[in-house]
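Thank you all for coming; today I would like to walk you slowly through one sheet, the helix beside it and the aromatic rings between them. Please have the model open while I talk.

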Amino acid sequence: MARRSAVGRGRDTAVVEETAAPGRALSSSVDPWDPPGGDRRGRSGGGGRGGGRWGGSGGRWWVWAGRAVLWAVIIVILVNGIRAPFERFTADETSGGTATTAKPPRGAGFPSSAAGAFALQFADVYLNFDQNGAAAREAQLRTFLPDGADPQFGWNGAGKMQVQSIQVAGVDARDANNATVTLLARNGEKWLRLAVPVYADKGGSLVVSARPALLPPPAKAQLPESGVQNRDTALEGELQPFLGTFFQEYATGNQEALSRFSDGTTIAGLANSVTFVQVREVVAPKGSPGERTITATVVWRPAAGGDGELEQTYQLAMVKRGDKWLVRNIRGTTRPDAS
């Protein structure tokens, strides 16, 4: 073997070449940029110094392509690294920080149930007064009023008023300490709505924080136009006798009998608290032949009501098994003017 000097070979290192076969010239050093299979495209035509190499850019495009991909990856990493914190920052600003900590709802922590009961007891004293019992009213009000408040809390000490019933209509908690409790009270033929401000301290103690305010009672709503426009009169006639028998058993609460009308669900019944009179009307809209939701108006005679009768409307989910309809569910209706 002979060793050739690397001097004058540019980037080539010294290589060891084996003796060629007789009659053949020594081959040049193996260039790492030579294509597989010995394809020598791009070689210079002569047998000079560069005769065993790929010349020019014919073999270097792989290098440039690799560099381009590397730089693209670096740019993507840099862009994402800069963008991600900015997006998190702006998201926190627009959502008010809900990405990390959800903002508690207004009034969270206020003891609404206790405040409702407290305001109800207060109103029972406040809305009932008699000039002959002013001292007793004053003593009862002390339990609810802050220190130094007007002992009669705005009443002039004259006249007489008595309410028949009071209920809590709602509690509007403004924060953890303050809320307005709305009450509905009936005075003869009149309904009163009373807004009572209540303060709760950290220990759960309550006090009426300011004088109440009378507000108009809730307005009567107007129902939308209703009624079943496309009724299945044939099904209504078919279900009338079935429902008559069903509601007789529903009045007694007989589980064995009710199970024959049920689609596998348990129907409790009314345990003889009423006597069945009749099914006055059945309303069945057209729909699926095997499943229908209908309404039935039933006449009851309450056990403690003497000869008094009540008409009530029920919503029943019905399913058909073979040629027989069964009750899957029974509840009060929400359909306006159902029958």
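Let me begin with a definition: two strands are said to pair if DSSP finds at least two bridges between them, and the strands themselves (E, at least two residues), like the helices (H or I, at least four residues), are DSSP runs numbered from the N terminus. As general background, strands of a sheet pair through backbone hydrogen bonds, either parallel or antiparallel.

Please keep in mind that this is a predicted model, in which local features need pLDDT of at least 70 and side-chain atom pairs count only at pLDDT 80 or more, while totals for chains, interfaces and linings use all residues. Residues are numbered from 1 along each chain as its sequence is written, and side-chain values use heavy atoms, with hydrogens and water left out.

With that in place, we can look at E12 and E13, which pair in the antiparallel sense over eight bridges. Leu316, for instance, has Ile330 in E13 as its bridge partner. The two strands form a hairpin with two residues between them, and in that turn Gly322 has a positive phi of about 70°.

This hairpin belongs to an open sheet of four strands, in the order E10-E11-E12-E13, with antiparallel pairing. Strand E10 (274-283) and strand E13 (324-332) stand at the edges with a single partner strand each, so one side of each is left without a neighbour in the sheet. From one strand to the next, the twist averages 35°, where axes are lines fitted to C-alpha atoms, for helices over the stretch in contact, and angles run from 0 to 180 degrees between N-to-C directions.

What packs on this sheet? Helix H4 (residues 233-252) does, touching E10, E11, strand E12 (310-321) and E13, and its direction makes about 160° with that of E10; contact here means heavy atoms within 4.5 Å.

One residue to find in helix H4 is Leu239, which is buried, with a relative accessible area of 1%; buried means under 20% relative accessible area, exposed over 50% and partly exposed in between, using a 1.4 Å probe and protein chains only. Leaving aside residues up to four places away in sequence, Leu239 touches Val282, Ile294, Met318 and Trp325. The C-alpha atoms of Leu239 and Met318 are separated by 9.9 Å, although the two residues are 79 apart along the chain.

Now for the rings, where a search of the whole structure finds 17 aromatic pairs. Rings of Phe, Tyr and Trp (its six-membered ring) pair if their centres lie within 6.5 Å, and planes under 30 degrees apart count as stacked, over 60 as edge-to-face and the rest as tilted. Tyr250 and Trp300 form a tilted pair, at 6.4 Å centre to centre with 35° between the planes, and this pair links helix H4 with strand E11 across 50 residues. Tyr250 is buried at 11%, and Trp300 counts as buried at 2%.

Tyr250 also forms an edge-to-face pair with Tyr314, at 6.1 Å centre to centre and 80° between the planes. Here Tyr250 in helix H4 is linked to Tyr314 in strand E12, 64 residues apart, and Tyr314 is buried too, with a relative accessible area of 10%. These three residues belong to one aromatic cluster, which also includes Phe242 and Phe276.
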